[in-house]
Amino acid sequence: MKYFSTRGGKDLLSFEEAVLTGLAPDGGLYIPETIPSLPANWQEQWKDYSFIDLSAAILRLFISPSEISDAELRALVDKSYATFRHPDITPLHKVGDKRFILELFHGPTFAFKDVALQFLGNLFEFFLLRRNAKKAGGEPQEKLTIVGATSGDTGSAAIYGVRNKANISVFILHPKGRVSPIQEAQMTTVTDANVHNVAVQGTFDDCQDIVKALFGDKEMNAAYHLGAVNSINWARILAQTVYYFHAYFAALKQLPADASLQFVVPTGNFGDILAGYYAKKMGLPMAKLAVATNENDILARFWRSGKYEKVESAAASGAGDSTAPALGASDGKQATAAGGVKETLSPAMDILVSSNFERLLWYLARQGVVAEEGQAATDEKEKRASASSILAHWMSLVKTDGRVEVPVAALELARQDFVAERISNEQTLDTIKFHFLADPSYIADPHTSVGLAAAALVAPQNAPNTTQIILSTAHPAKFSEAVSRALQGYSEFNFERDVLPEEFRGLLEKKRNVIDVPKADVELVKQVIKKYA
Ligand SMILES: *Cc1c(COP(=O)(O)O)cnc(C)c1O
């Protein structure tokens with residue numbers, strides 16, 4: 001299996017090259033040359049597989065055995081999920097008659113990104129060790145320096161993914177004093193020698209600007225081989241396809257044979273749900289995937305209007321565009337000034353554009369090429385390149401105009417596989433409350449709550465035999481502010497007793513590993529990297 005860039009289409013890379021490169025030099029994202037179909041007897045053969053068995057079987061379809069052998073792949077997967085606390089890795093939890101929660105937060109940092117980042121860290125280490133083993137004595141060893149910025153929720157998953165890995169060091173920048181105490185403690189209490197928390201006196205945007213400047217710095221790149229672990233990395237999407245299969249088998253064991261499943265996915269950068277799209281295209285039976293966004297709703301607006309648009313247009317915010325009803329009205333919050341991300345109660349989904357959406361747009365462009373040119377018109381490589389040039393044009397419009405409107409046919413294709421809903425802060429809080437009142441032992445985190453609220457909105461359009469599986473992306477203790485705000489009035493609610501896991505107790509008092517940078521200045525951060533990498 002080879003990979004190519006969504007914006008190029010012609011040059012093919014190995015899995016290893018695609019994973020180590022991350023973002024393609026032309027600005028595109030890597031996708032597989034074909035989406036493999038499932039083995040003929042997969043349902044029979046895989047139905048009693050563990051998460052790890054499934055992971056090995058599914059990843060095998062996307063990674064050539066000549067790149068990673070069966071035994072090596074199995075060892076990588078084994079090691080990656082040994083850090084999870086639950087024997088099922090991603091267990092299902094029933095919440096009512098036709099709903100399950102798929103709990104993705106049993107990894108080391110209590111959020112769904114662990115599923116992919118535990119694997120990605122091991123994969124990086126595997127590739128580097130293999131490359132270095134081939135080097136002659138005296139030749140310099142290949143190393144990787146992971147650099148990233150975090151507003152709190154995602155930095156810890158990256159740190160836990162690469163802690164204590166050979167040939168890798170990691171520098172995660174966070175805005176000093178602007179990260180919640182628990183999240184700050186999760187990151188800074190990791191004391192492995194290759195982990196460097198950099199507390200920058202400034203904002204999250206300052207941290208992000210510094211990281212961008214570092215990646216744009218040729219000298220730094222050459223000297224330190226800078227790498228990113230953000231959600232555009234193909235290996236992350238791939239690792240996430242597994243829990244869709246795992247949940248499918250687990251749910252069907254509890255349901256009538258004719259049951260149909262719908263996955264509802266709280267999403268921001270479109271990574272989690274994109275994995276579901278790949279599972280669907282591989283042949284996993286499912287109803288339309290449901291996109292659940294918070295008030296940063298570029299995706300929900302796309303499915304309403306076919307416009308992928310960064311900033312709310314005047315028409316969309318109330319001047320009578322019937323395809324895009326007034327937004328932000330439900331809780332009285334105004335859209336922020338042009339270009340701004342709204343701060344919501346589900347901060348891990350606070351985005352302006354969804355970086356992985358480009359991959360779906362490529363498939364929409366590709367199907368358009370087939371429709372226009374007919375199956376026999378050109379060879380596969382030509383069709384791919386045409387789709388890439390359409391996609392590259394769309395992305396250039398997003399860059400210059402902040403928006404693109406896809407052809408009606410492309411929107412219709414997108415609507416065949418997805419529905420979408422936007423959930424306000426108020427709905428997020430109400431939904432946490434609603435589920436707590438129905439069952440006081442069940443407390444949803446705000447991201448999961450966005451999924452639950454969207455599930456209720458899309459349910460009436462579903463066939464009667466449909467059961468919904470809502471992806472739960474974080475443990476409620478990680479986002480205590482929203483949970484406490486939703487449940488503070490209830491005397492039966494006790495955060496310490498009902499929510500806080502054992503692992504978080506005493507965390508705030510543990511020894512810290514932080515490097516302070518007194519000014520948001522890229523030169524100061526460079527000095528830190530030079531000193532510690
Ligand atoms: C990252 C994250 C999400 C969003 O995932 P995407 O892949 O961007 O859709 C949702 N919830 C939590 C808790 C996250 O950390």
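This passage walks through an annotated domain, two sheets and a ligand site in a predicted model.

Residues are counted from 1 along each chain as its sequence is written. Because the model is predicted, local features need pLDDT of at least 70 and side-chain atom pairs count only at pLDDT 80 or more, while totals for chains, interfaces and linings use all residues; side-chain values use heavy atoms, leaving out hydrogens and water.

To start with the record, an unreviewed UniProt entry carries the annotation "domain: Threonine synthase N-terminal" for residues 2-81. Such positions follow the numbering used here, feature names are shortened, and annotations may be inferred rather than shown by experiment. Helix makes up 45% of this span and strand 8%, and its end C-alpha atoms sit 26 Å apart. Helices (H or I, at least four residues) and strands (E, at least two) are DSSP runs numbered from the N terminus.

Next come the sheets, where two strands pair if DSSP finds at least two bridges between them. One is an open sheet of six strands with mixed pairing, in the order S3-S4-S14-S9-S10-S13. Strand S3 (92-94) and strand S13 (418-422) are its edges, each pairing on one side only. From one strand to the next, the twist averages 25°. Within this sheet, S9 (residues 260-266) and S10 (residues 289-293) run parallel and are joined by three bridges; Pro 266 has Ala 292 in S10 as its bridge partner.

The other open sheet has five strands in parallel pairing, ordered S8-S5-S6-S7-S15. Here the edges are strand S8 (226-227) and strand S15 (514-517). Six bridges link S5 (residues 144-149) to S6 (residues 168-175) in the parallel sense, and Gly 148 is partnered by Ile 172 of S6. Helix H7 (residues 181-188) lies across S6, S7 (195-200) and S15, at about 160° to S6. Helix H20 (residues 522-532) lies across S5, S6, S7 and S15, at about 150° to S15. For these angles, axes are lines fitted to C-alpha atoms, for helices over the stretch in contact (heavy atoms within 4.5 Å), and values run from 0 to 180 degrees between N-to-C directions.

Finally, there is the ligand. Around it are 13 residues (a heavy atom within 4 Å), of which Lys 113, Thr 267, Asn 269, Asp 272 and Thr 473 come nearest. A ligand oxygen atom lies 2.6 Å from an N or O atom in the side chain of Lys 113. Polar backbone atoms also take part: one of Gly 268 is 3.1 Å from a ligand oxygen atom, and one of Gly 271 is 3.2 Å from a ligand oxygen atom. Taken alone the ligand exposes 390 Å², and the protein buries 97% of that (Shrake-Rupley method, 1.4 Å probe).

How values were computed. Polar contact = N/O pair within 3.5 Å; in protein donor to acceptor, adjacent residues only side chain to side chain.
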